[in-house]
Amino acid sequence: MGSAEAHVEAGGRSVRISSPDKLLFPDAGITKRDLATYYADVADGLFRGLANRPVALNRFPDGLGGKSFFTKSAPKGLPDWASTAHVTFPSGRTGDEVCITEPATVLWTVQMGALELHAWPVREADTDHPDELRIDLDPQPGTEFAEAVEVAREAYALFEELGIRPFVKTSGGRGLHLLVRIEPRWTFVQARRAVIALARELERRRPELVTTSWWKEERGERIFIDFNQMARDRMTVAPYSTRARPDAPVSMPVRWTDLGDVAPGDFTVKTVPALFAKNGDANAEIDDTAHSLDRLLEMADRDEKDRGLGDLPYPPDFPKMPGEPKRVQPSKARADDKAHDGDKAHDAGKGRAADSEQGS
């Protein structure tokens with residue numbers, strides 16, 4: 001019979017874990033105690049990516065395979081030593097989310113059955129101005145991790161031209177996330193616009209490999225740069241967070257020099273602690289420099305002025321945004337236009353017939 005509770009320490013605080021032998025990842029044999037211990041083992045890198053950020057929790061109270069739900073508002077039972085951050089959602093509604101002010105808070109999320117931590121790109125002190133630019137490289141059907149790596153290298157070269165230093169991590173799936181620390185003086189709208197400018201330039205350089213099309217039917221076998229991951233209340237999984245998949249994969253920071261030699265399956269709850277102990281955090285220098293978005297926003301201005309390229313669609317749950325194009329699937333828009341043209345032709349034909357009758 002398993003023990004009723006265990007205590008795991010991180011950052012100098014001991015956190016109680018009830019039912020520590022409960023399986024959270026049954027196929028991988030990972031228990032609540034195992035997951036809490038994993039986060040304690042990588043606490044230094046974990047906290048670097050999450051420090052003072054509001055997070056949403058993807059919770060599986062009965063472990064992977066059981067019911068699941070996302071928790072955005074801070075749940076009941078938050079310890080008195082844990083913190084929250086006040087955020088504003090796209091609708092204008094506000095709320096308080098769990099804020100990671102110390103590594104032990106992450107251990108507490110394990111107690112809540114959280115298998116994924118999705119962090120905002122802002123800090124508690126200013127939740128309206130991102131301090132992290134995020135570029136989500138999302139492989140489409142027919143592409144794999146290798147193509148995402150190729151796009152990441154193209155992005156690295158472009159960032160280098162702009163005098164910006166990006167960091168990279170696996171998504172925990174087939175994709176990659178590029179992270180850039182930025183000065184927290186631009187809005188979500190401006191940060192998203194900067195990502196769109198970067199994505200469009202990559203699409204021009206590698207049209208056979210990169211797409212910015214929001215509509216899946218137009219993406220083809222290319223890597224989609226998901227610019228809407230930079231919109232307000234859109235979050236990427238945190239560095240070192242697990243993903244809710246059977247083998248307990250981890251979203252793992254990687255050094256650029258190692259990127260071509262790794263595969264997503266290399267990084268799991270069972271493998272990452274030893275890799276972290278040996279190699280340290282690949283993102284250890286991410287806070288050294290906060291970059292400006294000025295040059296990316298200048299690129300966006302040129303796209304609009306010289307190429308007529310304005311905004312791109314927001315997710316369907318967002319209110320209509322200023323300057324946003326119609327949120328209509330291209331094939332549906334073409335069908336509607338065709339039907340409209342047919343109606344106009346039909347009406348014109350009726351008009352001609354009426355004219356003929358009147359002249360007879």
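**Notes on a cavity, a helix, a strand and two pockets**

1. Let's start inside. Helix H2 is the top contributor to the lining of the largest cavity, giving four residues. Keep in mind as you look around that this is a predicted model.

2. How many cavities of 30 Å³ or more does a search of the whole structure find? The answer is one. The volume of this largest cavity is about 100 Å³. It has 18 lining residues, and those closest to the centre are Gly-49, Glu-132, Leu-179, Arg-181 and Pro-239. Try finding those five in the viewer before you read on.

3. Where does the rest of that lining come from? At least two residues each are supplied by helix H2 (43-50), strand E10 (132-139), strand E12 (176-181) and strand E15 (236-237). Sorted by class, the lining of the largest cavity has seven nonpolar residues, seven charged ones and four polar ones.

4. Now have a look at helix H6, which covers residues 272-279. Its buried residues are Val-272, Pro-273 and Phe-276. If you look down the axis of H6, these buried residues fall within an arc of 100°, so they line one face of the helix. On the face turned away from that buried side you'll find the exposed residues Ala-274, Ala-277 and Lys-278.

5. What covers the buried residues of H6? The cover includes helix H1 (32-41) and H2. You've met H2 already: it is the helix that gives four residues to the lining of the largest cavity. Just after H6 comes Gly-280, and its phi is positive, near 75°.

6. Next up is strand E9, residues 114-119. Is it mostly covered or mostly open? Mostly covered: six of its six residues are buried.

7. E9 has partners, too. Strand E5 (residues 54-59) is joined to E9 by five bridges, and the two run antiparallel. E9 and E15 also run antiparallel, with two bridges between them. A good residue to click on is His-118 in E9, which is the bridge partner of Ala-56. His-118 also has a bridge partner in E15, namely Val-237.

8. His-118 turns up again in the largest pocket, which holds about 360 Å³ of space. This pocket is lined by 22 residues, and His-118, Asp-136, Gln-229, Met-235 and Arg-243 are the closest to its centre. The elements giving two or more residues to this lining are E10 and E15. Of these, E10 has the largest share, with four residues. E10 and E15 are also on the list for the lining of the largest cavity, so to speak doing double duty in these notes.

9. What classes of residue line the largest pocket? Nine are charged, seven are polar and six are nonpolar.

10. Last stop: the second largest pocket, with about 230 Å³ of space. Of its 16 lining residues, Arg-192, Arg-193, Glu-304, Gly-310 and Asp-311 lie nearest the centre. Helix H5 (188-205) and helix H7 (294-307) are the elements that give two or more residues to the lining. H5 gives the most, with six residues. By class, this lining has eight nonpolar, six charged and two polar residues.

Key
Residues numbered from 1 in each chain as written. Predicted model: local features only at pLDDT ≥ 70, side-chain atom pairs only at ≥ 80, totals over all residues. Heavy atoms only, no water. 1 Å grid on protein atoms, 1.4 Å probe; cavity = no way out; pocket = protein on both sides within 12 Å on 5 of 7 lines; lining within 4 Å. Points joined across faces, edges and corners; volume = space filled by probe spheres on them. Nonpolar A, V, L, I, M, F, W, Y, C, P; charged D, E, K, R; others polar. Buried < 20%, exposed > 50% of the residue type's maximum accessible area, 1.4 Å probe, protein only. Arc of directions from axis to C-beta. Contact = heavy atoms within 4.5 Å. Pairing = 2+ DSSP bridges.
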